Amino acid sequence: MIGIITVAAIILLIGFLITFIGSFLVVPEHTDRPGTPYESIKGTPKVLANILTKKVGALLFICSIGLFALQSSLYYAERGVYYEIIYPNGTKAAEFEEGYHLVVPFTRVNSWTANIDVKAGDLETMSDEVEGKLGTIAVTFVDQVGADVSATYRFTLPRDEVKFLSLCVKYRSIENLAENTLVPTVEEQAKLTSKMYSVQDYISGSAQAFRQTFDEQLKGGTFVVSRITNRDTTYVSNDIQKNKDRQIRDISISYSVEKVIDPKTKLPKRIQNEISASGIIVSQVIINSVSIDPEYKKRLI
């Protein structure tokens with residue numbers, strides 16, 4: 001529809017130019033050699049002369065300018081896209097509903113994709129449609145065992161005018177938001193989440209809890225935790241009466257992590273990250289794989 005308005009405006013503008021120039025070339029009709037056998041009417045025909053006037057030209061020009069103004073004030077909002085609207089006087093607004101919308105002429109309308117995909121994994125196989133790309137995330141579990149995390153994330157911009165416009169001002173484009181905030185935050189939260197679990201717990205059945213904690217930290221902020229070191233000593237002799245003389249057979253050390261509880265709210269303490277502070281919604285988190293250090297796997301065999 002907007003394209004049709006533009007074409008119509010151009011046609012009217014061309015018509016104005018033809019009419020305006022033609023108005024200077026009009027020759028009034030007159031009778032040549034009246035009263036003789038050679039009598040004839042010469043000049044511009046009245047029908048054409050009535051069209052080629054400055055008044056008609058002015059009307060076509062006004063209509064053309066009106067259509068150009070309409071074209072600049074009419075835009076179509078697509079599904080899944082949010083719009084930052086900047087009026088000529090500098091004030092701003094947001095539009096989240098799809099369909100045709102009218103604004104003040106010469107208003108600037110910037111589009112922002114509502115859903116942003118971030119992926120960690122093999123960069124060579126990633127689609128060009130992924131806004132945020134990073135390689136596999138190298139993490140370390142609480143027991144100092146390393147692993148590589150591959151995952152897919154989807155974020156949704158806040159459907160709140162104040163928060164959305166604040167993001168627009170702060171980041172200026174989807175690319176800046178994805179590369180400068182979402183990607184670094186995802187990487188940071190993956191590393192912090194891994195430090196809340198031991199690799200043995202992960203292998204033994206905490207994979208779902210790992211994914212859930214990761215999801216919760218992205219959505220609501222990082223948990224404040226305390227690391228606890230557990231030492232288990234075994235002796236050669238089990239005779240408690242000879243405790244001082246017993247020889248130590250082995251000391252095994254394990255680690256656990258506990259969330260710090262706020263005494264006032266009785267809820268875990270959290271530190272907001274850029275995602276939670278900006279009101280960005282974490283709509284999907286998929287852990288594709290967690291590749292544990294091969295050397296550790298060898299020790300388990």
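In the predicted model, strands β11 and β16 (residues 281-292) run antiparallel and are joined by ten bridges. Within this pairing, Ser289 of β16 is the bridge partner of Ser150. Strand β11, which comprises residues 146-156, is also joined to β8 (residues 115-120), again in an antiparallel arrangement, through six bridges. Here Phe155 of β11 stands opposite Ile116. A further antiparallel pairing links β11 to β10 (residues 137-140) over four bridges, and in this case Asp148 of β11 is the residue opposite Ala138.

The hairpin formed by β10 and β11 has five residues between its strands. Gln144 is located in this loop and adopts a positive phi of about 70° although it is not a glycine. Gln144 counts as exposed because its relative accessibility is 54%, above the 50% cut-off for that class. A positive phi is also found at Lys266, a residue other than glycine, with a value near 65°. Lys266 lies in the loop that connects β14 (248-259) and β15 (270-271). With a relative accessible area of 61%, Lys266 is therefore likewise assigned as exposed.

A separate element of the fold is an open sheet of three strands, in which the order is β5-β4-β7 and the pairing is antiparallel. Its edge strands, β5 (92-95) and β7 (108-113), each pair on one side only. Neighbouring strands of the sheet are turned against each other by 25° on average, direction ignored. Strand β4, formed by residues 81-86, is connected to β7 by six bridges, and the two run antiparallel. In this pairing Val81 is placed opposite Thr113 of β7. Helix α4 (residues 161-171) lies across β4, β5 and β7, and its direction makes an angle of about 115° with β5.

Thr107 occupies a position in the loop between β6 (99-102) and β7. Its relative accessible area is 9%, so Thr107 is classed as buried, the cut-off being under 20%. The side chain of Thr107 reaches the backbone oxygen of Val104 at a distance of 2.5 Å. When residues up to four places away in sequence are not counted, Thr107 touches Ser72, Ile85, Ile86, Tyr87 and Pro88.

Helix α5 consists of 21 residues (residues 174-194). At 1.5 Å a residue, a span of 30 Å is expected for α5, and because its end C-alpha atoms are 28 Å apart, the model agrees with this expectation. A bend of about 30° is nevertheless present in α5 at Leu182, and a proline, Pro184, follows within four residues. Leu182 itself belongs to the buried residues of the helix, which also include Ile174, Leu177, Ala178, Thr181, Val183, Thr185 and Val186. Towards the end of the helix, Gln189, Ala190, Thr193 and Ser194 are buried as well. An α-helix has 3.6 residues a turn, so residues three or four places apart point the same way. Such spacing can be followed in α5 through the buried residues Ile174, Leu177, Ala178, Thr181 and Leu182, and again through Val186, Gln189, Ala190 and Thr193.

Notes: Residues numbered from 1 in each chain as written. Predicted model: local features only at pLDDT ≥ 70, side-chain atom pairs only at ≥ 80, totals over all residues. Heavy atoms only, no water. Expected span 1.5 Å × (residues − 1). Bend = angle between axes of the 7 residues up to and from the residue. Buried < 20%, exposed > 50% of the residue type's maximum accessible area, 1.4 Å probe, protein only. Pairing = 2+ DSSP bridges. Axes fitted to C-alpha atoms, helices over the stretch in contact; angles between N-to-C directions. Contact = heavy atoms within 4.5 Å. Polar contact = N/O pair within 3.5 Å; in protein donor to acceptor, adjacent residues only side chain to side chain.
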